[in-house]
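Student: Could we work through the strands and helices of this structure together?
Tutor: Yes. Have the sequence and the coordinates open.

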Amino acid sequence: MIDFRYHLVSLIAVFLAVALGIVIGTTALNEPILADIENQVAALERDKRNLEDRTQELQSQLDTSQEFEEAVGPALVEGTLTDRSVLLIPTNETVTPETVEAVTDLIGEAGGSVSGVVRLEPAYSDPATGAALQSYVTGSGLPAGVQLPESGDADALVASLLSQVLMVPPGGPVPDPAAVSSVLAGLSSLDVLIPEGASVTPADHAVLLTGSGFTGDDAERRNAALVELATALDARGQGAVVAGDATSARPNGLIGTIRADPALATAISTVDNVATVVGRISTVLALGQESQGTSGKYGTGEDTQPVPPVPAAAQ
């Protein structure tokens, strides 16, 4: 009979053979696997360096382009807004003070002036605010001479009221500064807007600065409120421009809403790259075109022109 020690030695021999096989196998396989991994890492490092070099190159080109645009911008817009005033209206919190300041500076380079900044609060376009706005605009505290439409919802009535006190009609009388102060104070008390700066006075033009679009079930309703305001300001003064970024040109954005309506698109100029120097140049040039009765779509979106026509004197 085979004793227990024979079985034990046999089992130990089997385990040793398996272990030795594993060691030999992994040693044989590790070398090509390790070499392959090292090659992949080296390739990734080369790709990373190439991407970094390309990024630096593109950034350098962008910086050069911006420097050029900043250099030629004043010359391109010079004289396009001589002795004209512009009201700036940021329509949401995504419009930065830097954008407002940059547009203000370029308007000055064009010979114009900013009559004030009125920032709209989210409550302005909120359907839940409609009843309070309706009560205010149909109340007895409105300035003398204001004539609102006989019919219309709160959006249309408020837009009409603001256009009458904030815009100077072509060849018409300048609205009473006291009326401006009264209306802005009344609407400020409802938390729908905030006048920024020392004062706000009536203007020849308006620029509505917008950003990312609305979301949620009331997005369409909110855009409609801003469209009413843009339309009223455009019709009352010498023209309005809606300027924003690429996201505002999407279907849920203010610019996208305007461009989707052929009648609105031919009445109100839109610019979808106001965060760039060329976008701000387009905004100022578009105001000049508006004063001549011409509107357009400018920027980088579909069916747009890069910039409005440049005045012959600047060419």
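The questions below go through strand pairing, crossovers and helix packing.

Student: Is this model predicted or experimental?
Tutor: Keep the origin in mind for each value that follows. The model is predicted.

Student: How many of the residues of strand β1 are buried?
Tutor: Strand β1 covers residues 85–90. On one side sit S85, L87 and I89, and on the other V86, L88 and P90. Both faces are covered. The strand is therefore largely enclosed by the rest of the structure, with buried residues numbering 6 of the 6.

Student: Why do the residues of a strand split into two such sets?
Tutor: Look at the side chains along a regular strand. The split arises because they alternate between the two faces of the sheet.

Student: Which residue of β2 stands opposite V86?
Tutor: β2 spans residues 113–120. β1 pairs with β2 in the parallel sense, over 4 bridges. Opposite V86 in β2 stands V114.

Student: And which residue of β4 stands opposite V86?
Tutor: β1 also pairs with β4, again parallel, over 5 bridges. In β4, the residue opposite V86 is H205.

Student: Which helix makes a β-α-β unit with β1 and β2, and what is the hand of that unit?
Tutor: The helix is α2, residues 97–109. Together with β1 and β2 it makes a unit that is right-handed.

Student: Are A240 and V242 of β5 buried or exposed?
Tutor: β5 covers residues 240–243. A240 and V242 lie on one side, V241 and A243 on the other. Both faces are covered, and these four residues are all buried.

Student: Through which helix does the chain cross from β4 to β5?
Tutor: β4 (residues 205–209) and β5 run parallel, joined by 4 bridges. L208 stands opposite V242. The β-α-β crossover between the two strands is right-handed, and it passes through residues 219–236, helix α6.

Student: What is the bridge partner of V241 in β6?
Tutor: β6 spans residues 269–271. β5 and β6 pair in the parallel sense over 3 bridges. The partner of V241 is S269.

Student: How are α4 and α6 oriented to each other?
Tutor: α4 covers residues 154–166. The two axes come within 8 Å and cross at roughly 30 degrees. Angles under 35 degrees count as roughly parallel. α4 and α6 are therefore roughly parallel.

Student: What is the hand of the crossing of α4 and α6?
Tutor: Residues of α4, including A156, A159 and L162, meet residues of α6, among them A225, L229 and L233. As α4 passes α6, the crossing is right-handed.

How values were computed
Residues numbered from 1 in each chain as written. Predicted model: local features only at pLDDT ≥ 70, side-chain atom pairs only at ≥ 80, totals over all residues. Heavy atoms only, no water. Buried < 20%, exposed > 50% of the residue type's maximum accessible area, 1.4 Å probe, protein only. Pairing = 2+ DSSP bridges. Right-handed = clockwise from strand over helix to strand, strands pointing away. Axes fitted to C-alpha atoms, helices over the stretch in contact; angles between N-to-C directions. Parallel < 35°, antiparallel > 145°, perpendicular 65-115°, else oblique. Left-handed = near helix turned anticlockwise from the far one by under 90°. Contact = heavy atoms within 4.5 Å.
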